[in-house]
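Here are my notes on the model you sent, set out as numbered points so that each can be checked against the coordinates.

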Amino acid sequence: MTDYLADVQKYDSGADEAVVNKIVRHLGIALRNKDSALVSASDPKELERVKEKWCEKKLGVGGADADAAIAATAKAMADDRSKSRVTFYYLVAKNLGKLQAL
């Protein structure tokens with residue numbers, strides 16, 4: 001998947017391309033591997049990693065707020081079997097009101 005903006009726009013039609021590009025740059029080499037380019041919302045370890053590495057370290061939000069944003073994103077993307085990491089991270093940041101901070 002190379003058109004990250006189009007994937008994000010399935011969930012947020014007004015997605016800012018600059019913000020999406022910042023997330024792509026942040027994820028860097030992880031997007032080269034198909035497995036690491038996707039988020040497994042059914043894996044508790046994966047969701048904990050999203051919370052620790054993305055919510056806490058990058059966005060500065062932890063605890064229940066991070067858990068709620070991750071859960072809301074997983075629910076919003078439930079019908080998508082291949083959850084793009086870029087889209088997932090974008091929606092988590094949006095749910096936390098942190099898109100401008102990127």
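1. Is Asp 12 buried or exposed? In this predicted model, Asp 12 has a relative accessible area of 12%, and because buried means under 20%, Asp 12 counts as buried. Its place is in the loop between helix 1 (4-9) and helix 2, and, leaving aside residues up to four places away in sequence, Asp 12 touches Tyr 90 and Lys 94.

2. Helix 3, residues 44-58, has 15 residues and reaches 20 Å from its first C-alpha to its last, which is close to the 21 Å expected at 1.5 Å a residue, although the helix bends by about 25° at Lys 51.

3. At the N-terminal end of helix 3, Asp 43 acts as a cap, with a side-chain oxygen 3.0 Å from the backbone nitrogen of Lys 45, while just after the helix Gly 60 takes a positive phi of about 75°.

4. Lys 51, where helix 3 bends, is also buried, as are Glu 46, Val 50, Trp 54 and Cys 55 of this helix. The buried residues of helix 3 pack against helix 2 (17-27), strand 1 (38-39), helix 4 (63-76) and helix 5 (85-95).

5. The largest nonpolar core has 32 residues, of which Ile 23, Trp 54, Val 86, Phe 88 and Tyr 90 touch the most other members. Helices 1, 2, 3, 4 and 5 each supply at least two residues of this core, and helix 5 gives the most, with 7 residues.

6. Val 86 touches Tyr 4, Val 8, Val 20, Ile 23, Val 24, Leu 27 and Leu 31, again not counting residues up to four places away in sequence.

Notes. Residues are numbered from 1 along each chain as its sequence is written. This is a predicted model: local features need pLDDT of at least 70, side-chain atom pairs count only at pLDDT 80 or more; totals for chains, interfaces and linings use all residues. Side-chain values use heavy atoms; hydrogens and water are left out. Helices (H or I, at least four residues) and strands (E, at least two) are DSSP runs, numbered from the N terminus. The expected span of a helix is 1.5 Å times one less than its number of residues. The bend at a residue is the angle between axes fitted to the seven residues ending there and the seven starting there. Buried means under 20% relative accessible area, exposed over 50%, partly exposed in between (1.4 Å probe, protein chains only). Contact means heavy atoms within 4.5 Å. A polar contact is a pair of N or O atoms within 3.5 Å; within protein, one must be able to donate a hydrogen and the other to accept it, and residues adjacent in sequence count only if both atoms are side-chain atoms. A nonpolar core is a set of buried Ala, Val, Leu, Ile, Met, Phe, Trp, Tyr and Cys residues joined through side-chain atoms within 4.5 Å.
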